Amino acid sequence: ERYVYQGAVALADAQHLPVQLRAGGSVAQAAAQQIALADLVLVSKADLVSAQHREQVCRQVEALQPGVPVHVLAEGVPLPAALTGEALRKQREASAPLGRWLSAYAPSAPGVAGLAHAGVVQLALALPATLRRGRFLSGMHELQASLGEALLRVKGVVAFEGESLPCVVHGVHRQLYPLQTLDAWPPGERASCLVLIVWGMGVDALRVAAARALALS
């Protein structure tokens with residue numbers, strides 16, 4: 001009633017991120033989760049590492065969450081305008097930024113696509129052309145309950161039966177945020193797509209669990 005969530009910014013330490021991701025266990029999971037949840041990732045302490053090391057950090061961030069905007073902070077350079085609440089909101093809800101984010105996960109073939117990095121698995125699901133809203137919500141509840149804390153993030157654009165415009169989907173762990181109707185389809189997108197970012201689970205096992213929960217053939 002008092003607050004509206006507009007987005008999250010993660011700060012990646014250029015000196016320590018590669019070590020954190022190699023550490024495994026709770027340290028790597030915490031680092032990966034913060035990047036997976038972010039709508040914008042800032043790379044700090046970039047002046048303390050080499051250009052090659054800095055590029056490696058950016059590649060690691062993009063591998064954990066393809067399509068997320070990454071800004072390298074530099075001394076004397078103003079903070080990016082993308083840090084404002086309005087910019088973060090558009091990143092989460094406006095059709096153009098969503099289209100750019102989803103294009104990074106575009107399935108290479110009909111059905112699903114998956115990739116893994118540092119214990120994190122990303123799976124892009126191409127959903128049926130029309131879905132019943134109630135069936136989708138019950139399926140998401142089942143999937144989120146089964147994956148629990150391992151589900152770092154779910155995000156997508158879904159068209160529902162009888163509705164002319166798609167909805168944007170956001171979720172974390174067992175929490176599914178209220179669905180929001182977009183004002184238009186993202187550029188180049190006319191199909192429902194759901195992206196799951198999960199820790200410590202194989203792509204095949206995740207594909208089976210998602211297909212079962214969402215009743216995908």
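**Exercise 1. The parallel sheet and its helix**

Helix α3 (residues 51-64) lies across β1, β2 and β3 and runs at about 160° to β3; in this predicted model, determine in which order the three strands of the open sheet stand and in which sense they pair.

*Solution.* Begin with the order of the strands, which is β1-β2-β3, with parallel pairing in this open sheet. Next consider the edges: β1 (9-13) and β3 (70-72) each have a single partner strand, so one side of each is left without a neighbour in the sheet. Averaged over neighbouring strands of this sheet, and with direction ignored, the turn of one strand against another is 25°. Then look at one pairing in detail, where β1 and strand β2 (residues 40-44) run parallel and are joined by five bridges, with valine 9 standing opposite leucine 40 in β2.

**Exercise 2. A strand and its surroundings**

Work out how many residues of strand β10 (residues 193-199) are buried, and which strands β10 pairs with in the antiparallel sense.

*Solution.* The first step is the burial count: seven of the seven residues of β10 are buried, so the strand is largely enclosed by the rest of the structure. The second step separates the two faces, and here a general rule helps, since in a regular strand the side chains alternate between the two faces of the sheet. In β10, Cys193, Val195, Ile197 and Trp199 are on one side, Leu194, Leu196 and Val198 are on the other, and both faces are covered. The third step turns to the partners: strand β5 (residues 120-126) runs antiparallel to β10 and is joined to it by seven bridges, and alanine 126 stands opposite cysteine 193. β6 also pairs with β10 in the antiparallel sense, over six bridges, and within this pairing arginine 153 stands opposite isoleucine 197.

**Exercise 3. Cysteines without a bond**

Find how many disulfides are counted in the model, and explain why cysteine 193 has no bond to the closest cysteine sulfur.

*Solution.* The count of disulfides is zero. For cysteine 193, the closest cysteine sulfur is that of cysteine 167, at 15 Å, which is too far for a bond, because a disulfide requires the two sulfur atoms to be within 2.5 Å. Accessibility can be read separately: cysteine 193 is buried, with a relative accessible area of 8%, and cysteine 58 is buried at 15%.

**Exercise 4. Aromatic pairs and a charge over a ring**

Identify how many aromatic pairs are counted, and state which charged end sits over the ring of tryptophan 101.

*Solution.* The count comes to two aromatic pairs. One of them joins tryptophan 101 and tyrosine 105, whose ring centres are 4.7 Å apart and whose planes make an angle of 40°, which is a tilted arrangement. Tryptophan 101 counts as buried at 1% relative accessibility, and tyrosine 105 is buried too, at 4%. Another pair is formed by phenylalanine 136 and phenylalanine 160, with 5.5 Å centre to centre and 65° between the planes, which is edge-to-face. Phenylalanine 136 belongs to helix α6 (residues 133-147) and phenylalanine 160 to the loop between β6 (151-158) and β7 (167-172), so this pair ties together parts that are 24 residues apart in sequence. Phenylalanine 136 is buried, with a relative accessible area of 3%, and phenylalanine 160 is buried with 1%.

Now return to tryptophan 101: the charged end of lysine 155 sits over its ring, 4.3 Å from the centre. Tryptophan 101 is also one of the buried residues of helix α5 (residues 95-103), among them Ser95, Pro97 and Leu98, and what covers the buried residues of this helix includes α4 (85-93), β6, β7 and β10.

**Exercise 5. Positive phi outside glycine**

Locate lysine 45 and alanine 215, and decide whether each is buried, partly exposed or exposed.

*Solution.* The background is that most residues other than glycine have a negative phi. Lysine 45 has a positive phi of about 55° although it is not a glycine; it lies in the loop between β2 and α3 and is partly exposed, with a relative accessible area of 36%. Alanine 215 likewise has a positive phi, near 55°; this residue lies in the segment after α7 (203-213) and is partly exposed, with a relative accessible area of 49%.

Methods
Residues are numbered from 1 along each chain as its sequence is written. This is a predicted model: local features need pLDDT of at least 70, side-chain atom pairs count only at pLDDT 80 or more; totals for chains, interfaces and linings use all residues. Side-chain values use heavy atoms; hydrogens and water are left out. Rings of Phe, Tyr and Trp (its six-membered ring) pair if their centres lie within 6.5 Å; planes under 30 degrees apart count as stacked, over 60 as edge-to-face and the rest as tilted. Buried means under 20% relative accessible area, exposed over 50%, partly exposed in between (1.4 Å probe, protein chains only). Helices (H or I, at least four residues) and strands (E, at least two) are DSSP runs, numbered from the N terminus. A charge sits over a ring if NZ of Lys or CZ of Arg is within 6 Å of the ring centre and within 35 degrees of the ring normal. Two strands pair if DSSP finds at least two bridges between them. Axes are lines fitted to C-alpha atoms, for helices over the stretch in contact, and angles run from 0 to 180 degrees between N-to-C directions. Contact means heavy atoms within 4.5 Å.
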